[in-house]
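Here is a short briefing to read with the model open beside you. Feel free to rotate the view as you go, one topic at a time.

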Amino acid sequence: MLFEPTKHIKLSNIEWSKEKALNCIREIYSDTLNSIDSDKYWTVSKDEDADTESNKTVYYGAAGTVWALDILSTYINKKLPFDKIELINNIHKDYLLNPDTKEVVPSIFLGEVGVLLVQYKFKPSKLIEDKIYHLVEKNIENETLEALW
């Protein structure tokens, strides 16, 4: 059965409030900024099954978090309290030294290509374009044929 009533909570009948939604977004933004660690970015939760203290990729790591914070900062009209270009450059360097999956992979979500795409979004360059192209081209024969790898 697709829907099991005992495993779902009935929706509340509340009115939409743009201000409540914005307050929630501001709270998430603030909590995320307050939990940054200068050495480990955002540390892995004890509940996660991870082999690293700090994930750096787009899927569930620092690169994706910085990207999301950048989008939210624009949406709520708040300036990021750090240099996003410097931060994503550091994340990339740290990823290469200590990759989340124990080896540097060309994955969009779990590897270097995703980190480079965020880097490129913040400061486009021919060097980054060429690096992304090279990694994708080198990975064409990867038999997994899915975006994670």
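Helix 2 and helix 4 cross with a left-handed sense. This is a predicted model, and in it the two helices, helix 2 and helix 4, pack at an angle of about 30° with their axes 9 Å apart. An angle under 35 degrees counts as roughly parallel, and helix 2 and helix 4 are therefore roughly parallel to each other.

**Helix 2 against helix 4**

- On the helix 2 side, the contact is made by Ala 63, Val 66, Trp 67 and Asp 70.
- Helix 4 answers with Val 115, Val 118, Lys 121 and Phe 122.
- Sorted by character, the residues of the contact of helix 2 with helix 4 come out as six nonpolar, no polar and two charged.

**Helix 3 against helix 4**

- Helix 3 covers residues 84–97 and helix 4 covers residues 112–122; the pair packs at an angle of about 160°, with the axes 9 Å apart.
- That angle makes helix 3 roughly antiparallel to helix 4.
- The crossing of helix 3 and helix 4 is left-handed.
- From helix 3, the residues that meet helix 4 are Lys 84, Ile 85, Ile 88, Asn 89, Ile 91, His 92, Tyr 95 and Leu 96.
- Their partners in helix 4 are Glu 112, Val 115, Leu 116, Val 118, Gln 119 and Phe 122.
- In the contact of helix 3 with helix 4, nine residues are nonpolar, three are polar and two are charged.

**The nonpolar cores**

- Which residues have the most contacts inside the largest nonpolar core? They are Ala 63, Ile 88 and Ile 91, in a core of 17 residues.
- The elements giving two or more residues to this core are helix 1 (18–34), helix 2 (62–75), helix 3 and helix 4.
- Helix 2 gives the most to this core, contributing four residues.
- A second, separate core has five residues, among them Val 113, Leu 116, Ile 132 and Leu 135.
- If you would like a single residue to click on, try Ile 91: leaving aside residues up to four places away in sequence, Ile 91 touches Tyr 41, Lys 56, Ala 62, Ala 63, Val 66 and Val 115.

**Two loop residues with positive phi**

- As background, most residues other than glycine have a negative phi.
- Asn 77 is not a glycine, yet its phi is positive, near 60°.
- You will find Asn 77 in the loop between helix 2 and helix 3.
- Is Asn 77 buried or exposed? Asn 77 is exposed, with a relative accessible area of 71%.
- Lys 102 also has a positive phi, of about 75°, although it is not a glycine.
- Lys 102 sits in the loop between helix 3 and helix 4.

**The chain as a whole**

- The chain has five helices and zero strands, and read along the sequence it follows the pattern α-α-α-α-α.
- Taken along the principal axes, the C-alpha atoms fill a box of roughly 50 × 45 × 30 Å.
- How many of the 149 residues count as buried? The share is 31%.
- Among the contacts in the chain with a separation of 6 or more, 54% come from residues 24 or more positions apart.

Definitions and conventions:
Residues are numbered from 1 along each chain as its sequence is written. This is a predicted model: local features need pLDDT of at least 70, side-chain atom pairs count only at pLDDT 80 or more; totals for chains, interfaces and linings use all residues. Side-chain values use heavy atoms; hydrogens and water are left out. Axes are lines fitted to C-alpha atoms, for helices over the stretch in contact, and angles run from 0 to 180 degrees between N-to-C directions. Angles under 35 degrees count as roughly parallel, over 145 as roughly antiparallel, 65 to 115 as roughly perpendicular and the rest as oblique. A crossing is left-handed if the near helix is turned anticlockwise from the far one by less than a right angle, and right-handed if clockwise. Contact means heavy atoms within 4.5 Å. Ala, Val, Leu, Ile, Met, Phe, Trp, Tyr, Cys and Pro count as nonpolar, Asp, Glu, Lys and Arg as charged, and the others, Gly among them, as polar. A nonpolar core is a set of buried Ala, Val, Leu, Ile, Met, Phe, Trp, Tyr and Cys residues joined through side-chain atoms within 4.5 Å. Buried means under 20% relative accessible area, exposed over 50%, partly exposed in between (1.4 Å probe, protein chains only).
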